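Student: Please pick one part of this model and go through it closely. Then connect it to the rest of the chain, in plain terms.

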Amino acid sequence: MAVAYANERVQFGQAIGNFGAIQYKLAEMAIRNFAAESAAYRTSQCMQDKKAEESAEGKSFGQATLESAEEYAIECSILKVYGSEVTDYCVDENLQIHGGIGFSEEYPAARAYRDSRINRIYEGTNEINRMLMVDQLFKRALKGQLDIVGPAWAVQKELTSMPSMERLEGDYAQEIKAVSDFKKVILMVAGGAAKMQMDGKLNLKEEQEVLMNCADMFIDLYAAESMLLRVQKLVGMKKEQPQEVYDAMLQVFIHDATARMTRNATDALASFAEGDLLKTFLLGVKRFTKYPPVNVKVKRRLVAEALRKAGGWCF
Ligand SMILES: Cc1cc2nc3c(=O)[nH]c(=O)nc-3n(C[C@H](O)[C@H](O)[C@H](O)COP(=O)(O)OP(=O)(O)OC[C@H]3O[C@@H](n4cnc5c(N)ncnc54)[C@H](O)[C@@H]3O)c2cc1C
């Protein structure tokens, strides 16, 4: 709807879709949607595989369904929160692209704007789902189902060593490294918080702001990794757009996610650590958020051009 209107509406003697400000919106809507879709495809396949595995072991359909949902509860919370927030972003920017008539209830942009809003409230509000993500992670760690202490300890050790000067080689090497580094940032923050909790210096139940920061980092990591896996898979496959358009979406997403990771990690760490410990943690954040700057203007224009040529969604 937004692409069609941007192609059609003329202001100052040209289609509004020619303006960089509008191209930014079109591209960003597509990038976030592509990220959410990648995460949804990935989770659906994982759940389907788990269900098939459980069924093959003789579990009933109901039991196999329940167990696969339980296994991927964290991912499902991520999808619910991220999907509803991407939708809200898209309907809001769609209305903005429609200008004054977008605000009028007689046009579908206004209806989409209103109808979308409920998604952040029902099926577990997004605040409750954010808390569930972190809660589930810690519960699994405590039950021994998931080792976060070992990897968190490895990150601590890495922090005290010299940064490696290795040259990154191979396709998507920077993106693979960025995603791996996002995991290190999360392990540092979540590991640091868990240690404080065990030492009795922190009660995470009373620190919802920190939980929200952690949840937002989980979302960015899962979306970035899912998008990377999808874009890598598309290499050499028959697809609607040249690979450089998919690459552009991935690069813009990781560029922006890196900035969000830095902010969320810094906010969380400064909420529970201080002095030399905080300084060490912040050096870690700096070390693990080094994705090289991307010319996001050029990349977004490329994505917007593909959308405008196709007259709508084209990925
Ligand atoms: C159109 C519509 C359809 C619905 N359909 C269904 C349905 O089919 N089945 C069904 O069971 N329900 C349904 N609901 C209910 C919906 O699930 C609830 O509205 C939702 O769970 C939020 O509960 P609440 O409205 O009581 O808000 P509250 O629980 O009062 O929440 C208000 C705010 O406080 C926040 N909050 C609450 N507790 C905490 C906490 N512990 N920590 C931090 N923040 C907190 C919430 O995130 C929210 O932002 C529907 C609601 C609507 C509007």
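**The ligand shell and its surroundings**

Tutor: Tyr172 counts as buried, because its relative accessibility is 13% and the cut-off for buried is under 20%. The model is a predicted one. Tyr172 sits in the loop between helix 8 (149-159) and helix 9, and its phi is positive, about 60 degrees, although the residue is not a glycine. I come back to the backbone at the end. The part to look at closely is the ligand shell.

The residues around the ligand are Ile118, Ile121, Tyr122, Thr125, Glu127, Ile128, Met131 and Gln208. By class, this shell has five nonpolar residues, two polar ones and one charged one. Helix 7, residues 126-143, gives the most to the shell, with three residues.

Three side chains place a polar atom by the ligand. For Thr125, the partner is an oxygen atom of the ligand, at 2.7 Å. A polar side-chain atom of Glu127 also lies by a ligand oxygen, at 2.6 Å. Gln208 has a nitrogen atom of the ligand as its partner, 3.1 Å from a polar side-chain atom. As for cover, the ligand on its own has 970 Å² of accessible area, and the protein covers 30% of that.

The nonpolar side of the shell can be followed out to the protein surface. Ile118, Ile121 and Tyr122 belong to the shell, and they also make a nonpolar surface patch of about 270 Å². Take Ile118, which lies in the loop between helix 6 (108-117) and helix 7. Its relative accessible area is 32%, so Ile118 is partly exposed. Residues enter a patch with over 30% relative accessible area and no salt bridge, and the 32% of Ile118 is therefore over that cut-off.

Helix 7 also carries a link to another part of the chain. Arg130 and Glu85 meet through their side chains in a salt bridge of 2.9 Å, N to O. This pair joins distant parts of the chain, with Arg130 in helix 7, Glu85 in helix 4 (residues 73-97), and the two positions 45 residues apart. Arg130 is buried, because its relative accessible area is 10%, whereas Glu85 is partly exposed at 28%. Helix 4 holds Tyr89 as well. Tyr89 is buried, with a relative accessible area of 16%. From the C-alpha atom of Tyr89 to that of Glu244, 155 residues apart along the chain, the distance is 25 Å.

Beyond this pair, the whole structure has 24 salt bridges. One of them joins the side chains of Arg300 and Glu28, at 2.9 Å from N to O. Arg300 is in helix 13 (residues 296-310) and Glu28 is in helix 2 (residues 20-56), so the pair ties together parts that are 272 residues apart in sequence. Arg300 and Glu28 are both buried. They also belong to a network of salt bridges in which Glu28, Arg32, Asp256 and Arg300 are linked. A further salt bridge has Lys195 and Asp199 as its side chains, again 2.9 Å from N to O. Here Lys195 is partly exposed at 49% relative accessibility, and Asp199 is partly exposed at 43%.

Helix 9, residues 173-198, contains Lys177. Lys177 counts as partly exposed, because its relative accessibility is 31%. The C-alpha atom of Lys177 is 9.2 Å from that of Lys290, although 113 residues separate the two along the chain.

Thr289 is in the loop between helix 12 (275-287) and helix 13. Thr289 counts as buried, because its relative accessibility is 16%. A polar atom of the Thr289 side chain lies 2.6 Å from the backbone oxygen of Val285.

Back to the backbone, where Tyr172 can be set beside Phe12. Phe12 has a positive phi near 50 degrees and is likewise a residue other than glycine. It lies in the loop between strand 1 (10-11) and strand 2 (14-15). Phe12 is exposed, because its relative accessible area is 76%, whereas Tyr172 is buried at 13%.

How values were computed
Residues numbered from 1 in each chain as written. Predicted model: local features only at pLDDT ≥ 70, side-chain atom pairs only at ≥ 80, totals over all residues. Heavy atoms only, no water. Near = heavy atom within 4 Å. Polar contact = N/O pair within 3.5 Å; in protein donor to acceptor, adjacent residues only side chain to side chain. Areas by Shrake-Rupley, 256 points an atom, 1.4 Å probe, with all protein chains shown as cover. Helix = DSSP H or I, 4+ residues; strand = E, 2+ residues; numbered from the N terminus. Nonpolar A, V, L, I, M, F, W, Y, C, P; charged D, E, K, R; others polar. Patch = residues over 30% accessible without salt bridge, like charges linked within 9 Å, V, L, I, M, F, W, Y side chains within 5 Å. Salt bridge = Lys/Arg side-chain N within 4 Å of Asp/Glu carboxyl O. Buried < 20%, exposed > 50% of the residue type's maximum accessible area, 1.4 Å probe, protein only.
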